[in-house]
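New to this one? Here is a relaxed walk through its sheets, its helices and the empty spaces between them.

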Amino acid sequence: MRWLTGWSGEPHGVGGPSPNGVRPLAGTLLWSGPNPLWAVGDWRPDEIRLVTLRPGTDPVVTAGPPRLDHPEPEDTPATTRLAVVGRCGATDAELAAGLAAARGGAVRHLTGWPGSYTAVLRTGTRSTVLLTDLAGAQPVFHTPWRGGTAYATAALPLADLIGAPVDTGHLAALLACPESPEALGHGTPYAGVLRVPPGHSLGIRGGRPYLAGYEAEPGPGRREDAPAVRELTRALLEAVRCRVRIPATAADPHGETPDRPRLGADLSYGTASATVALLAAAVPLAPGPSAGRAPVRPAAAPPRSGAVKGSWARRPASESGGEPGEALTAVTHGDTDRLALAVDAPRLRHIVVPPGLPYSGLADDPLDGPLTDEPGPALTAAARLSARFSAGGADHLTGYGARQVLDGHPARLADLVRAGRARELLAPVAALAGADRVTAGALTGTVRTPVTVVRAAHRLARADYADALDDLAVRLTVRHFAEPAGTAGASSAADLAWTVPGPAARWLSDEALTTVAQRLRIAARGPVPAEHPGARRARLALHRHATAYRTLVQAAEQRGQRLHAPFLDNQVVRAARLLPDDTRLQPGARPALLRSVLTGAGRTDLPADWGRTPRPDRAGEARTGLRLAADGLAELFHRPLLADAGLIDPAAVRHTLAAAVEPGRDLPPDTLAGLADLVATELWLRRVAARRHGSCWTGLPPVERKALARPA
């Protein structure tokens, strides 16, 4: 796990750069003083960039941590520092300009560069500002500590710092309403550790924290399709470029992985990952060494011109033209070869790996796995994911997040009704009816689906936010859960609500559901969101997915490797928000958008049916994995910690697990997703409990964490 951490407080409260000798284990000090900053973990040198501005001098930009043999003068109240940590495609001049703008309060300028990174701004010796990203893949956490505020980009280190126990109330909300900030609040799985919402900044002045939003959703006005697609093309190509043009010496500074390919791409998730792979294969690389080593880019990269053309048409003279070191390793499963073979480009080399199954390896030892910051579905498939990523590159690009960033959430249908554009429901509703006609018969496809979906859209357009939260609280209290949707139309209609229960809610105990219902009732008395319900549901679904992706990275990323998700970058999320709602909601919208992106980048030779091939049956894989891991899962839930904490009804969970292995019994996708959430949370709890004495810090007295307690 890689993370940043520091603290800020009054000089007489926290008292110096390392109060009582407390510091993170293996941390590298980026700046000292009363509010220090450390980088912890295997950060690459070019992933740490520091900008310092002192009175009467020009900004100084450096890469990598400060050198101990060149101590800097002490900061004054007029000194400003900026740390950009992660993968950032900004030039030194852009970093300096961003620092100048942020000094005047325009911190949003620090969030518009290509890449995925965390920006930390320190003004003088008493003020610190940290910025999250829009998706939530680069979070920030904070907690009160010794008269000031400690912060980090991971929650677990802060829990170690204050000796925080597991917050079972938050886990209940996470299982019952995973996409509802009304239930989750700003909490984390650790009591007393708070999370900064995506799209917000954490400011600390005089030791006191405050939150501020730096981004607003585009208004409901009419937006044009063509300019939005052009902006999406530019943003996505820049996001890919800033990963592909990483120097080889930066990607593997210590020569730890000489046999790993320099660049890789994942082709296991359809058109999104295929688009990223094709864009990456089109980015020109500078001449460099061969035989498995990536070429080193020039010391100063050329300025970005905004052009979006790729390099399929002709190869620049500066390229070495097909050396092994330029190859991009495209990793795919055997069951997705049809799509993988349909995408080809110079430098693209396919590797097929066994597909693997979820839940594999859990029967051997549930504790044999990484302790992630929080639970997530990736914990149920960590062995499978690790095997796939081990065949990838030192920098491995994926298509994670494309569905949440580009697709139209079903709740956006209500936004069209609110905007007086109800006629534009016809195309998406007709597409749902067509899909249901194929799977459930003519009656469902031609009559029930349109009526059900259109009524649900109009109902949500008129629904009161506070009433919706109260209604959900009642449903949780009386355990009124709808049956899993059997058709596309029924699933979309169920999603047409301000907020909905999570798939694992049906297995929670009455006590846990009552706790979550009380949170919802309190939130119903609060302010009403300014967003339309569809835009809000889409944004929260993106946040949930980005959090799950972050857990995946912590669980499956290989040593010396970096997983990249360009679709979760700020500039790509912003560009996608410019897309008109009716464009997103059209049948086949995402493949059509990605095809337009590739056309705008110069790829005009895609097959006519590109993007229309059926997706692999993920539900079928989950069912098979459950059957093969039945004995291990039965043992896992024989005496689950979730039951000890009063969170679940263990008998109901065991009954569902037994049903999963019955011959001819296929659990619906919603049930499978709920079981994955339960299994992941139980695994995470067991790994936390097994780490009773560990800590991320030195200089603290030994603290034994409390055992799980039932929620009060």
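What follows starts with the two sheets, moves on to a pair of helices, and ends with a pocket and a cavity. Keep in mind that this is a predicted model.

**The six-stranded sheet**

Let's begin with an open sheet of six strands, paired in the antiparallel sense and ordered E3-E4-E1-E11-E10-E12. Its edges are strand E3 (27-31) and strand E12 (194-195), each of which pairs on one side only. Inside that order, strand E10 (residues 141-145) and strand E11 (residues 148-152) are antiparallel partners joined over five bridges. If you want a spot to look at, find Thr 143, which stands opposite Ala 150 in E11. There's a helix here too: H2 (residues 155-162) lies across E1, E10 and E11, and runs at about 10° to E10.

**The seven-stranded sheet**

The other sheet is also open, with seven antiparallel strands in the order E6-E5-E7-E8-E9-E13-E14. Strand E6 (60-63) and strand E14 (208-213) each have a single partner strand, so one side of each has no neighbour in the sheet. On average, neighbouring strands in this sheet are turned by 15° against each other, if you ignore direction. Take E7 and E8 as a sample pair: they run antiparallel and are joined by nine bridges. One of the matches to look up is Arg 87, whose bridge partner in E8 is Ser 116. This sheet has a helix lying across it as well, namely H1 (residues 92-103), which covers strand E5 (48-53), E6, E7 and E8 and runs at about 55° to E5.

**Two helices side by side**

How do you describe two packed helices? You give the angle between their axes and the distance between the axes. For helix H5 (residues 225-244) and H18, the axes come within 8 Å and cross at roughly 170°. Angles over 145 degrees count as roughly antiparallel, and therefore H5 and H18 are roughly antiparallel to each other. On the H5 side, the residues that meet H18 include Ala 228, Leu 232, Ala 235 and Ala 239. Their counterparts in H18 are Gln 571, Val 572, Ala 575 and Ala 576. The residues of this contact come out as eight nonpolar, one polar and three charged.

**The empty spaces**

Now for the gaps. The second largest pocket holds about 770 Å³ of space. It is lined by 34 residues, and those closest to its centre are Arg 2, Gln 138, Val 553, Glu 557 and Arg 562. Elements giving two or more residues to this lining are strand E1 (3-8), strand E7 (80-88), strand E8 (115-123), helix H17 (533-556) and strand E19 (562-564). Which of them gives the largest share? That is H17, with four residues.

As for cavities, the structure has four of 30 Å³ or more. The largest cavity has a volume of about 110 Å³. Among the residues around it are Glu 217, Gln 404, Arg 412, Leu 542 and Arg 584. Helix H10 (402-406), H17 and helix H18 (570-577) are the elements that give two or more residues to the lining of the largest cavity.

Here is how the two linings divide up by residue type:

| Lining | Nonpolar | Polar | Charged |
|---|---|---|---|
| Second largest pocket | 14 residues | 10 residues | 10 residues |
| Largest cavity | five residues | one residue | five residues |

To tie things together, H17 turns up in the lining of the second largest pocket and in that of the largest cavity. H18, in turn, helps line the largest cavity and packs against H5.

Note on methods: Residues are numbered from 1 along each chain as its sequence is written. This is a predicted model: local features need pLDDT of at least 70, side-chain atom pairs count only at pLDDT 80 or more; totals for chains, interfaces and linings use all residues. Side-chain values use heavy atoms; hydrogens and water are left out. On a 1 Å grid over the protein atoms alone, a cavity is a set of points where a 1.4 Å probe fits but cannot get out, and a pocket is an open set with protein on both sides within 12 Å along at least five of seven lines; lining residues have an atom within 4 Å of a point. Grid points are joined across faces, edges and corners, and a volume is the space filled by probe spheres set on the points. Ala, Val, Leu, Ile, Met, Phe, Trp, Tyr, Cys and Pro count as nonpolar, Asp, Glu, Lys and Arg as charged, and the others, Gly among them, as polar. Two strands pair if DSSP finds at least two bridges between them. Contact means heavy atoms within 4.5 Å. Axes are lines fitted to C-alpha atoms, for helices over the stretch in contact, and angles run from 0 to 180 degrees between N-to-C directions. Angles under 35 degrees count as roughly parallel, over 145 as roughly antiparallel, 65 to 115 as roughly perpendicular and the rest as oblique.
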